[in-house]
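Thanks for coming. I'll take a few minutes to walk through one structure, so please have it open in front of you.

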Amino acid sequence: METWDYKNFWIEAINQIKNEFISAGKENEFNLWFSIEYISSEKEKINAGVPSVFYRDQMNNREYITLIENKIFELSGIKISVQIQIIEQNSTKSSKKISNKITESEKLIIKQNENSENTVKKHPLLRSEFTFDTFVKCNENAFTYNAGLVISKNPGVIYNPVLIYGGVGVGKTHLMQAIGNAIWKNTNLKVIYITAENFTNEFIQCINSNSMTKFKNKYRNTDALLIDDIQFLEKKDGTQEELFHTFNALADAKKQIVFTCDRPVSELKNLTERLRSRFQMGLNTDIQTPTYETRRAILQKKIEDDYPDKKIPNEVLDLIAQNVETNVRDLVACLIKVIAYMDLVGENLTIEITQNLLRDMFFSPRTENMSIENIIKVVADYYNISYSDLKGQKRNKNIMLPRQIAMYIIRKITEYSTTEIGMEFGGRDHTTVMHSCNKIEKLILEDSTFDSTIQLLIRKVKDSKK
């Protein structure tokens, strides 16, 4: 009898949806309505459970179930339906039948969740899994890790401000949020975490709605301010001006400030000198690309934490750790891919299978000093469309796919972040870039001919650099 296990797709889909809700400033909405648990899998079906009929109806009315199904399809390429069951919290023979009406206790729970900021000791904008315990400490990040621990125990006292910088996917956001989670959990201090992009968007909205006083009060009266990806602030003079004054107010009050950046501040060209000096006046510390030993340890910990039931041969883990030298994000992506293969195909992993499965990651390392402009030009020429159309706002079908391909290749072979890539394509949001990359990844898995086209374009890009 055949068996199906879609649990890994479920876990990844829920995590991605959560991240999208966080990016949109809707984490409270996610926490309130996604009280849903994975139960089991059948052929092209996942059984999931919610605590009551009320939650089930809300999940359907708000189209959250459709959202989950679409996300799973993006990840797996398989149309998998999600069937909702009611999980009775205290299941006994004398238990009452489940009512289709919303109970008074449910109304009270919903009201408490909507009106209270901290019913549970969980920060609304910080990912609960990003802690010091889940961060793999190694030589490349030991100094930054230890500094983070000290900061979390003595916010605003020892190192202030702190700037953590490093390449894409090395753990900057994880460590910053670990600091925030520790402060939030162990003290009564107010912690704000936000990306520089969302900080900018909120600033613009407050200007347009004449609510700058509310904005200033929010950010200048917090106890710890964590701003991710400050490279996004380049060329945004108004936001830089406001952050400069916010910085001064918090520093004068000895409140903790933590930033992350994908490069040293000295390499940010379009930044005001006085804000640059503020970033550099405290502790600047970098996280370097992990070595083989660290990569191997990260894979092992990921399995222990998230996939304890999976038996992956040591030689397969060694192969991945030896060949994926880019960053932790790519490393974990490879692990998820081999686990998905085991679940869907039902075969044991071998060196040969792993090499074939991950050939694009093993043999297409990121290319240093490759310009976005050059990649766009190669793709535009191949599809016989103009450079400006590929970067622009036109949504014709013959332009959209090449545009998504260009985004995918840039993300694949360079160190540019999704935010930076979006800026190059007419100021698009980083979630648009992520969606494009996911779509191309899915097409590659579904169509070997399309995969060959992508590999051809990558070779053309690399040859054009020579």
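**A charge over a ring, and what surrounds it**

The charged end of Arg274 sits over the ring of Phe244, at 4.0 Å from the ring's centre. Keep in mind that this is a predicted model, and that goes for everything I say today.

Let me stay with Phe244 for a moment. Phe244 is one of the buried residues of helix α10, a list that also includes Leu243, Phe247 and Leu250. The list is not made up of such side chains alone: Thr239, Gln240, Glu242 and Thr246 are buried as well. The helix itself runs over residues 237-252, which is 16 residues. From first C-alpha to last, α10 reaches 23 Å, close to the 22 Å expected at 1.5 Å a residue.

What covers the buried residues of α10? The cover includes three helices, α8 (196-208), α9 (212-220) and α11 (273-280), along with the strands β6 (224-228) and β7 (256-261). After α10 comes Lys254, with a positive phi near 55°.

There is another charge over a ring to point out. Here the charged end of Lys236 sits over the ring of Phe232, 4.1 Å from its centre.

Next, rings with rings. How many aromatic pairs does the structure hold? The count is 15. One of them is Trp10 with Tyr38, a tilted pair with 6.2 Å between the centres and 50° between the planes. Trp10 belongs to helix α1 (residues 7-23) and Tyr38 to strand β1 (residues 37-42), so this pair ties together parts that are 28 residues apart in sequence. Is Trp10 buried or exposed? Trp10 is buried, at a relative accessible area of 6%, while Tyr38 is partly exposed, at 21%. Elsewhere, Phe21, Phe30, Phe34 and Tyr64 form one aromatic cluster.

Last topic, the cysteines. A disulfide is a covalent bond between the sulfur atoms of two cysteines. How many disulfides does a search of the whole structure find? The search finds zero. Take Cys334, which is in no disulfide: its nearest cysteine sulfur belongs to Cys437 and is 15 Å away. To count as a disulfide, two cysteine sulfur atoms would have to be within 2.5 Å. Cys334 is buried, with 1% relative accessibility. Cys261 is buried too, at 0%.

That is the tour. I'll take questions now.

Definitions and conventions
Residues are numbered from 1 along each chain as its sequence is written. This is a predicted model: local features need pLDDT of at least 70, side-chain atom pairs count only at pLDDT 80 or more; totals for chains, interfaces and linings use all residues. Side-chain values use heavy atoms; hydrogens and water are left out. Helices (H or I, at least four residues) and strands (E, at least two) are DSSP runs, numbered from the N terminus. The expected span of a helix is 1.5 Å times one less than its number of residues. Buried means under 20% relative accessible area, exposed over 50%, partly exposed in between (1.4 Å probe, protein chains only). Contact means heavy atoms within 4.5 Å. Rings of Phe, Tyr and Trp (its six-membered ring) pair if their centres lie within 6.5 Å; planes under 30 degrees apart count as stacked, over 60 as edge-to-face and the rest as tilted. A charge sits over a ring if NZ of Lys or CZ of Arg is within 6 Å of the ring centre and within 35 degrees of the ring normal.
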